[in-house]
Amino acid sequence: MRIDTHHHAIPSFYRDLLRKAGVDEAGGWAVPEWSPESSLVTMAELGVATAILSVSTPGTTILSSPADAAALARDLNDYLADLVAAQSDRFGFFATIPMPHVGEAVDEAVRALDDLHADGVVLLGNSVGTYLGQDGQDDLFAALDERSAVVFIHPSDLPGAAVAGIPPFAADFLLDTSRAAFLLVRNQIRRKYPSIKFILSHAGGFVPYASHRMAVAIMGDTGRGLTDILDDFAGFYFDTALSSTAAALPSLLAFAKPGHVTFGSDFPFAPTAAAKLFAAGLEIYPGLGVEARTAIERTNALRLFPRLGTAAPPPANSAVDQVRHAVSRVVMRGIARLANTR
């Protein structure tokens, strides 16, 4: 039975607030109807035992006042905590955090993790233009690191205007996730706070595919070693929401560290039919044996959420690491030769 780490909740009072704010879509998708019962129906169709619920974009950013945003976060987290308490085997939740208001975000993260026993927190790639990983967020990361928190990074609308004809969920969301991941690595958040386990939505956006390109940029900017930078990128966790295809899976599985890929459905923003289509991509992908597929669908998540059960440590994958390091050495030699010719 699968564990779904990318599964959204849209409580009725939150939907009412969205409507009051004039928000009727998120990322180009119309905000769908949702209820706990609808999640359970879809979970049955997808073979999901437990769904870790989260509130998607725009979250608390519809409210400009830090106090109002914090109050909404509390209401959302209290609602989800009550839902999980009633059906703890079927649901978990990532707590909503009122970013970009760091002080309020720290207070709510501590309350949600310590008092409500949230399974982690959800943070948007950017909150009204402030990106995750930018300066000034250390108090939040310190609190999360102290609690070895799981942080689910979900994309938001880009700070700039959308391009006509390109719905944000189709391309902008992937860039938003990639920007946040880039800053978390570039500004060494991954190194300073090693106990935080970050999950990147939608197979990491562009991260697996463009990791070496981004690593070269960070190396040129900071002087850090390419291998260490790539190791930071590969150390993220990645979910399969809308991404378990014959085109995306090879890059993801070749790049991510062993045990760092989890199942995601993106329900209800992805309707049940779409979630089933992408789930089938895992079932028919020829590069996955039963053990590897079971790891993605369940056992990798068990290591992140031990209250749901226990799992053995992930297998070593020295072959992938050797390839990554070999490619890094080749790239570094090429950069050195280019520098000498100039």
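A residue counts as buried when its relative accessible area is under 20%, as exposed when that area is over 50%, and as partly exposed in between (1.4 Å probe, protein chains only). Serine 127 is a handy first case: its relative accessible area is 5%, so serine 127 is buried. Keep in mind that this is a predicted model, where local features need pLDDT of at least 70 and side-chain atom pairs count only at pLDDT 80 or more, while totals for chains, interfaces and linings use all residues. Residues are numbered from 1 along each chain as its sequence is written, and side-chain values use heavy atoms, with hydrogens and water left out.

**The domain on record**

- UniProt, in an unreviewed entry, lists residues 3-306 as "domain: Amidohydrolase-related"; its positions are given in the numbering used here, feature names are shortened, and annotations may be inferred rather than shown by experiment.
- Over residues 3-306 the chain is 47% helix and 15% strand, where helices (H or I, at least four residues) and strands (E, at least two) are DSSP runs numbered from the N terminus.
- The end C-alpha atoms of that stretch are 12 Å apart.

**Serine 127 and the cis prolines**

- Serine 127 sits in strand S7 (residues 126-127).
- Not counting residues up to four places away in sequence, serine 127 touches Thr61, Met99 and Pro100; contact here means heavy atoms within 4.5 Å.
- Most residues other than glycine have a negative phi, and most peptide bonds are trans.
- The bond from methionine 99 to proline 100 is cis, with omega near 15°, and proline 100 is in the loop between strand S5 (91-96) and helix H4 (102-114).
- Another cis peptide bond runs from phenylalanine 267 to proline 268, with omega near 0°; you'll find proline 268 in the loop between strand S12 (261-262) and helix H11 (272-284).

**Positive phi angles**

- Histidine 117, in the loop between H4 and S6, has a positive phi near 60°.
- With a relative accessible area of 58%, histidine 117 is exposed.
- Alanine 203 also has a positive phi, near 60°, but at 7% relative accessibility alanine 203 is buried.
- Look for alanine 203 in the loop between strand S10 (197-200) and helix H8 (207-222).

**Buried polar and charged side chains**

- Aspartate 176 belongs to helix H6 (residues 172-186), and at 0% relative accessibility aspartate 176 is buried.
- Beyond its neighbours within four places in sequence, aspartate 176 is in contact with Gly125, Asn126, Tyr131, Pro155, Ser156 and Leu158.
- Glutamine 137, in the loop between strand S8 (130-131) and helix H5 (138-146), is buried at 2% relative accessibility.
- Past the four places on either side in sequence, glutamine 137 touches Met99, Val102, Thr130, Tyr131 and Leu132.
- Asparagine 77 is part of helix H3 (residues 66-86) and is buried, with a relative accessible area of 0%.
- Leaving out neighbours within four places in sequence, the contacts of asparagine 77 are Phe93, Ala95, Thr96, Glu108, Arg111, Ala112 and Leu116.

**Nonpolar cores**

- In soluble globular proteins, nonpolar side chains tend to be buried together.
- A nonpolar core is a set of buried Ala, Val, Leu, Ile, Met, Phe, Trp, Tyr and Cys residues joined through side-chain atoms within 4.5 Å.
- The largest one here has 78 residues, and Leu144 and Phe233 touch the most other members.
- Among the residues that phenylalanine 233 touches, not counting those up to four places away in sequence, are Phe182, Val207, Met214, Phe238 and Phe255.
- A second, separate core of 13 residues includes Phe94, Val122, Val150 and Leu302.

**Cavities**

- On a 1 Å grid over the protein atoms alone, a cavity is a set of points where a 1.4 Å probe fits but cannot get out, and lining residues have an atom within 4 Å of a point.
- Grid points are joined across faces, edges and corners, and a volume is the space filled by probe spheres set on the points.
- The count comes to three cavities of 30 Å³ or more, and the largest has a volume of about 110 Å³.
- Its lining has 13 residues, with Gly59, Thr96, Ile97, Val122 and Leu124 nearest the centre.
- Strand S6 (residues 120-124) gives the most to that lining, with three residues.
- By class, the lining has seven nonpolar, six polar and no charged residues; Ala, Val, Leu, Ile, Met, Phe, Trp, Tyr, Cys and Pro count as nonpolar, Asp, Glu, Lys and Arg as charged, and the others, Gly among them, as polar.

Terms used
On a 1 Å grid over the protein atoms alone, a cavity is a set of points where a 1.4 Å probe fits but cannot get out, and a pocket is an open set with protein on both sides within 12 Å along at least five of seven lines; lining residues have an atom within 4 Å of a point.
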